[in-house]
Structures are given as structure tokens and as C-alpha cells.
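Q: Please take a close look at the part of this model where its chains meet, and then at the helix packing associated with it. A connected account would be preferred to a list.

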Amino acid sequence: MKISRLKNIIIAMLLAADLVLAAVLGARAFESWRLEEDAAARASEALAALGAEAGRDMLGDEPPPLYMVEIERDLAAERALAETFVGTGALVRDGSGSYRIEGERGTARLYGAGRFEAEISAPAACPDAGTFIELAGLGGIETVTGEDTVTQLVRGAPVFGGELALDIENGELCGVSGIVLLGDDYIIDGTPSKSLDAALLSLAEELHDAGTPAGKILSAELGYAASLAAPGYMQMAPTWRIETESVGTWYVDAFTLESSARLR
Amino acid sequence: MSRRARVVEIFKSVLIVLLMAAMLLLFLLTWSTDPDSLPEGVARVVSAVSGFFGGGFEAAPVVEGSRADTYGEAAPPNAVAVMRNGSLEGFFAFDGTLDEAYSRVQLTLADCLGSAEGQSNVSQREFLIAANEEGAVFIGYSGEQPLSLIALSHGVEAYGVGGEMVDILLLAPGGESVILYAAGGGQYMRMATAVADSRLEPLFDGISGADAAYSSDLGFDGTEPAVYPARELRVPVITVHPSAMSESAVTGLMSAFGMNTESNYRYVSSDGTQYAVENGVTLAVGADGSIAYSAGEDGGIGLRPDAADAGVIEFCRAILESGSAGVVGDAEWTLRGFERTEERAEVRFGYTVNGLPMYVGEYESAAEFVIEEGRLTEAHIALLRCASGEESSLMMPPASAAVVGLREPAYFTGGGYGEVVPQWSR
């Protein structure tokens, strides 16, 4: 009986402790939600004053932060990708950082800054981008596919400008061109990317000062954009891609908040 | 004990275990709002659990240092021009149109530099003929720098291009693939590339530059090709002040010169100069922004003994950029001189504002570095804060300046402070 009573006491104590912790957590969650709502409302007002309009759902729904990453390029993997389509061939150094592969079924070029081009003289059966990923052996890297494009993902986020355009004619792949960076990626700076509120306010202010207010913000996405190239490496900076109704698509560096209508 | 009582006891035991597990989870979730207080391994477990329950806690990422050797341009671009529909369009630093134009060129330029080969000398006449080809893209820099350094700053190794000092690049259509021209110090070079001509055509889609002309078409004789607005030359007026050497500016300099920012060996002299002394190295920071660095026999930061010219220049540029970050305002640093022997190298930089050189007093350079036997032994920097305002100055048209023998627009401070209006120089 003593053990039974002791168990009752322990249960009561544990229950009380759990309730207290749950209450603390609940209070914190509520406070956090309230602060986010306040911040979103303030950001919305500030944006409106600068001629930009963003939905509350967009402002209150932030993705996890991204960090500055570096990709150590893997020439062997890039060569394998090229040879998948043009066949095996000697790797010819075209200059300092560029290579050419004269394969049995076409010519591929790999440039120093990650640009990849392949002209395929004997087209491979390839009805869509999904098939291309299978054929290219790109299953190992994250990608999203459009109708005739493949966009690279790094750490789950899209690489803006890191896109391969596929020339598909009658279900056959005749050419590939664009940018793909194959290799190891790792974080080189632990500073998290700045929030969408900050990016939108910075962009809206710049556009407002330039006399071309942003108008309605149609969408915003956090991804990566090439920021600095070094021989064999590419540094990728977290970047917000913001689509506006009035002035098209803009890119805002999520560290420096510098904005540009175009990628490097 | 009855069977019912035994079941109740078992239930109580299970409940205790569940409540303890719940308490542990709630405790971790509560703690997780302060992730810095968690050990890294625990933080990852909490992150996973928190994510499972929809929590917002993100464990700090694993950060590795950069493995890349990165380089910056030792002289920023000041003009980009494109020959389009038979006329030249210019994008300039002083009218704010350069950044967009240069960003559009960079990837193609990198691929051209990366695939350049077969370097040969050509005449100025051949260079100018190529510059007038439809689709040709002219890129002017604010000073000469090694061609290999421009390639490295664009992320490509420089096996196919040399270390010649150049301040002009030209991408001209060659029939099938782009021909890369480079010019500097009166020399003109030509290189074949693997970049298709077709990549030049869409580079400037959607933007247009000012009507522009090459200096040779404006009457400038005996000078290197340059691009100017064809008619009106309007350049911002700047203001120049001594740099305020705050505590953060001083520690920024100490850090740039590889010194311990927590050092106790610091003092201020009667004239306000701040000194930091460490392992035979002395850094003197004057209240007016004059910086003097000197290292004794064994002190001073070093660089790789086998560093190429581009590496030596980048070593000094990185110190200068890092040490003057946030101090010089709208000014940029431009390489103004580089001399190297087997044991000694001298690297000089000057200011560029709005793409125009700014001469401090009678001096072209505002920063000088001396490297001996692979160590930085001496450095002098004159830090100034430059601000480009709204006001601009209408300068003599380039064609008129050419007639009276003037050569380039520049800012001259005369050694003083205050407003500086751009002028043509001889």
C-alpha cells in the first residue's frame, strides 16, 4: 500500500509539473504569435506608406532561415553529366577554367562559372524534365522541374539562376544549356538570413525613392543566388526573390538587403 | 493483492513513465526557446522533436570555414559600353547606370576569361576596329591590374591569360566565338575564347545607356581608348572629410593588420594618435585618419612566399578593404602602382569616387604597402570619408576638353577638406 500511495504522490507531482510547463509553453507560444502579428501589421502599414502592398499571410509565414554556403565544384560529376548526353570523349581544356568534351553524340562545354552547354547531334529520347533528371543521374541533387527546365536546389532552397533549359523537340532532347553546380555544399557563415519583412521594406523603400513604387507584392521566395566565384568554388548568398505587380521580379540579398532586378 | 489492484498498479507505473516522458519533452521544448544554452548534440535532438511537434526551434548550423581562395578586383570598373545598331551606348559609374550593366556582363566575361587562349599582341588600330563591331562590349576599369587577377576575381583560374597590367577589356564578335581584347600601358592583346558570339547579343536587353563615343572619335590623341558621354558630361560633386577614427574603426584596422584587438599594449599620444604595439609591430592611427604600420625584423603578417603578383595585390587589397570598411564612405580603392623584385614588393592604391580618380593633395596614391621577404613590413594609409551628394557639375564636353589638350576627368582635393568639384586634368 505504501508503494501505491507513493506512486499516487509521484503522479500528482508529475502532473502538476507537466501542467506548469505546458502553461509556460502555451504562454510563450501565444506571446510569440502576438508579437508576430504585431510585427506583420506594422510591416504592412510601413509597406503601404511606401506604395507596396503585401498580404498578412505572406508577412506572417516565414520559412526557416538560410545561411551562406559554398559549393566545392566536382568536375568529375559535371563531366559525367555531360557525357550522359554527348557520349564519352576526351576532356579538352579550352582555357583556364573551361573544358570541352567532344563526345560521340555531340559537344559539351563546362565553363568556369558553372555554365553548362551541350549540343546533342544524336538526340536521346527524353519527353520531359523528369526523364531528364533520371537520364542525367541528377537524382543525387535536389531539383524541381518545370515543363522544360530543371532548377537546382541547395539545402532545400532553389538556386535562382541555377537552371538548366532543355531543348526538347518531339520528345527528344537536342540540347541543354544553363547553370548547374555539382559538388559538396557547406555553410561558411552562421548568420541567419534576414526576414521577409526586412527585405520587403528595403526593396519598397528603394523603389519608392526611385519613383517606381512596388505596388502589390505577388509572391516572395527565399533561395540562393551566386554571390562570389573562386576557382573551383561558388559562394551562394541567401536571397529573397520578390515578384511585384508594378515592377516585375526583384532579388534582395538576405544579408546586405541590397536589391537588384537581375541576378549576377 | 487482488487482480484488479495489480492492474491499477501497472497502470500507475505506465502513467508515471508517460508523465515523466511528457515532462522531459516539455522541459526540452521550454528550454529550446534559448537554443544557445543547449549543448550542440542536445540542440539537434530538440530541433528534431520540436520540428515533429511543429515547433519553430532551429538548431544552430554546423559552420565550416570557406575553402576557396577568393579575389576581388583591384580596380573597379568605371564604364561599360556596347555597340548596338551602329551607335555606342555607355553605362557609367558617375551616372549610376554601371552596376546593372556590369552585372549583366560578368558571367560572359568570366567564361571568356576562363576560356581565353592564344594571346597575341595587336595594334591600337585593330583594337579600335574590333571595338566598333556591332555587338562589341567595352569594359573600362579605374586603373590597371593584372589580367590574371581580373580572371581570378571572376572565379576562374588564370592558366590561359597572362599577368599583363590592363585597364580595358573588350568582348568582340569573332564570327563564331567571342574575341577577348585587353589593353593597358599602351599594349593591346587579343585572345580567342570558347564563348559563342550569340551570347553577346542579349546581354543588354531591356536597358539602354547614354549616347557615348570612344575617345579617339572625340579627338583625344595619344591616349588609351576610353568611353565618354557623346555630348553632356555631368558628374556628381563630392564632399571630403577626415575619417572619424572611432574605437570600432581602430579595432577594424588592428584586425585587418592581424593584430590582437584585445591587446593591452595600446596608448594615446598627446596629439591624439592611437598606438597599438604587438610582437614588434606598431600601428599608429592618427586622429585625422593617417595610418602608419611598421613591423620589425620578425614581426608582421606574412603571405605565401610563392604568391604570384595577383596574390600579393589581393593580400594588400584585402587588408585595405577590411581595414577601411565603413570608414571611407562612397570611395573605392583602385590599384595605382605595383612594383616587385625577388625580395621586395610595393603596392599602391588610390581613391576612386563615382568611377573617377580622386587625387589627395599632389599624390595619386593614398595607401602604400611594402612587402619584404614575404612579410608586410610597412604600410601608410590616408583615410578620408567621401560622400557623393545630389548636386552635380556640368563639365566641359569631352570633345572640347580634347581640343585644349585635357585628358581625363578627376577629383582633386588639393589636400584640403570640403566640397570637391570634378575637373579635367592634363
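A: In this predicted model, a suitable starting point is the salt bridge that joins A:Lys7 to B:Glu9, in which the closest N and O atoms lie 3.5 Å apart. This pair belongs to the interface of chain A and chain B, across which 2 salt bridges are found. Polar contacts are also present there: 13 residue pairs, with both residues at pLDDT 80 or more, are in polar contact across the interface.

Several elements of chain A build the side that touches chain B. At least two residues each are supplied by the helix α1 (2-49) and by the strands β2 (68-73), β6 (115-125), β11 (183-189), β12 (215-230) and β13 (233-244). Of these contributions, that of α1(A) is the largest share, at 14 residues. In composition, the side of chain A that touches chain B has 24 nonpolar, 11 polar and 13 charged residues.

The extent of the interface can be stated in two ways. Counted by residues, 48 of chain A are in contact with 50 of chain B. Expressed as area, about 4,100 Å² is buried between the two chains, and carbon and sulfur atoms give 61% of this.

The helix α1(A) also packs within its own chain. Its axis and that of helix α5 (residues 196-209) of chain A come within 9 Å and cross at roughly 10°. Because the crossing angle is under 35 degrees, α1(A) is roughly parallel to α5(A). On the α1(A) side, the contact is made by A:Ala39, A:Ala43, A:Ala46, A:Leu47 and A:Ala49, and these meet A:Asp197, A:Leu200, A:Leu201, A:Ala204 and A:His208 of α5(A). The residues of this contact comprise 8 nonpolar, 1 polar and 1 charged.

A second helix pair in chain A has another geometry. Helix α3 (residues 75-86) and helix α4 (residues 129-136) of chain A pack at an angle of about 115°, and their axes are 9 Å apart. The two helices, α3(A) and α4(A), are therefore roughly perpendicular to each other. From α3(A), the residues A:Leu81, A:Thr84 and A:Phe85 take part, meeting A:Phe132, A:Leu135 and A:Ala136 in α4(A). The contact of α3(A) with α4(A) contains 5 nonpolar residues and 1 polar residue, with no charged residue.

To return to the starting point, α1(A) provides 14 residues of the side of chain A that touches chain B, and α1(A) also lies roughly parallel to α5(A).

Key:
Residues numbered from 1 in each chain as written. Chains lettered and ligands numbered in written order. Predicted model: local features only at pLDDT ≥ 70, side-chain atom pairs only at ≥ 80, totals over all residues. Heavy atoms only, no water. Axes fitted to C-alpha atoms, helices over the stretch in contact; angles between N-to-C directions. Helix = DSSP H or I, 4+ residues; strand = E, 2+ residues; numbered from the N terminus. Parallel < 35°, antiparallel > 145°, perpendicular 65-115°, else oblique. Contact = heavy atoms within 4.5 Å. Nonpolar A, V, L, I, M, F, W, Y, C, P; charged D, E, K, R; others polar. Buried area = accessible area lost by both parts, 1.4 Å probe. Salt bridge = Lys/Arg side-chain N within 4 Å of Asp/Glu carboxyl O. Polar contact = N/O pair within 3.5 Å; in protein donor to acceptor, adjacent residues only side chain to side chain.
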